Amino acid sequence: MSARFDVRAYREPRPRPGLIRLLGPVNRALMLRGALRLRSLELPAADLARLRAAVHPGTAAFLGPNHPEFTTDWLIDKEISCLCSPLMAHWASYEIVNGSPLSQRFWLANNLIANAPGGDGKAYSVRWARAGHGVLLHPEGTATWQSERTSPLLPGIVDMAWEAAEQIRAAGESRAVFVVPLVWKLVFTDDASDGLLREM
């Protein structure tokens with residue numbers, strides 16, 4: 001008799017760098033440009049430089065993006081991670097990560113951390129951030145349906161940053177620990193009135 005698959009069970013991510021790097025261009029071409037029709041992602045050079053200064057092997061960084069809605073958010077966050085730290089870990093709902101045994105294998109290989117109750121996601125996040133790859137907490141806060149600002153951050157992002165700082169100090173290391181808020185917005189480049197009216 002086989003064990004029943006438990007959607008709420010925590011499994012440690014098993015990142016596969018080859019798969020993660022492959023999914024960057026796939027996400028960009030098929031999802032962002034194809035499915036979502038996002039024409040371009042404009043990340044000013046100064047902002048990208050600040051992001052790369054916060055997320056690199058000499059730091060431990062935890063990123064808290066704004067959360068206007070559910071699908072576009074992670075796809076854009078994935079693209080941003082490709083630009084600064086392709087092996088970044090990403091938090092996600094356990095219902096997504098553990099949707100089925102096959103999807104669980106895929107998402108764990110893509111370095112997603114399931115927010116399963118009682119899991120060791122925080123410990124994994126601190127280790128991964130200390131390795132210099134960064135950890136993006138998605139969703140951070142509730143969906144606000146506006147993209148101009150971040151919602152109040154959940155306490156977990158600060159808890160993890162404090163834990164990383166304490167471990168770094170205890171190990172006698174000297175490195176910065178960052179909590180990095182990310183704010184981005186979607187802008188229509190053409191008059192979208194007719195399409196929006198049809199959708200409503």
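1. Quick yardstick before anything else: a residue is called buried under 20% relative accessible area, exposed over 50%, and partly exposed in between. Phenylalanine 106 comes out at 33% relative accessibility, so it counts as partly exposed. Bear in mind that this is a predicted model.

2. Staying with the rings: a search of the whole structure turns up three aromatic pairs. In one of them, the ring centres of phenylalanine 106 and tryptophan 107 sit 4.8 Å apart with the planes at 70°, so that pair is edge-to-face. Another is tyrosine 124 with tryptophan 128, where the centres are 5.7 Å apart and the planes are at 15°, so this pair is stacked. There's also an aromatic cluster to look at, formed by Trp74, Phe106 and Trp107.

3. Where does the stacked pair sit? Tyrosine 124 and tryptophan 128 are both in helix H6 (residues 121–130), four residues apart, or about one turn of the helix. An α-helix has 3.6 residues a turn, so residues three or four places apart point the same way. Both tyrosine 124 and tryptophan 128 are buried.

4. Now for helix H1, which runs over residues 17–35 and has a kink of about 40° centred on asparagine 27. Which residues of H1 are buried? They are Ile20, Leu23, Gly24, Asn27 and Leu32, so the residue at the centre of the kink is also on the buried list. Helix H3 (71–84) and helix H5 (101–109) are among the elements that cover these buried residues.

5. One H3 residue worth clicking on is glutamate 79. Its relative accessible area is 7%, which makes it buried. Leaving aside residues up to four places away in sequence, glutamate 79 touches Gly24, Asn27, Arg28, Leu32 and Leu41. Gly24, Asn27 and Leu32 are also among the buried residues of H1.

6. Two backbone angles caught my eye. Most residues other than glycine have a negative phi. Arginine 37, just after H1, takes a positive phi of about 55°, and asparagine 111 has a positive phi of about 70° although it is not a glycine.

7. Are those two residues buried or exposed? Arginine 37 is in the loop between H1 and helix H2 (45–54), and its 68% relative accessibility makes it exposed. Asparagine 111 is in the loop between H5 and strand S3 (112–114), and at 0% relative accessibility it counts as buried.

Note on methods: Residues numbered from 1 in each chain as written. Predicted model: local features only at pLDDT ≥ 70, side-chain atom pairs only at ≥ 80, totals over all residues. Heavy atoms only, no water. Bend = angle between axes of the 7 residues up to and from the residue. Helix = DSSP H or I, 4+ residues; strand = E, 2+ residues; numbered from the N terminus. Buried < 20%, exposed > 50% of the residue type's maximum accessible area, 1.4 Å probe, protein only. Contact = heavy atoms within 4.5 Å. Phe/Tyr/Trp six-rings, centres within 6.5 Å; stacked < 30°, edge-to-face > 60°.
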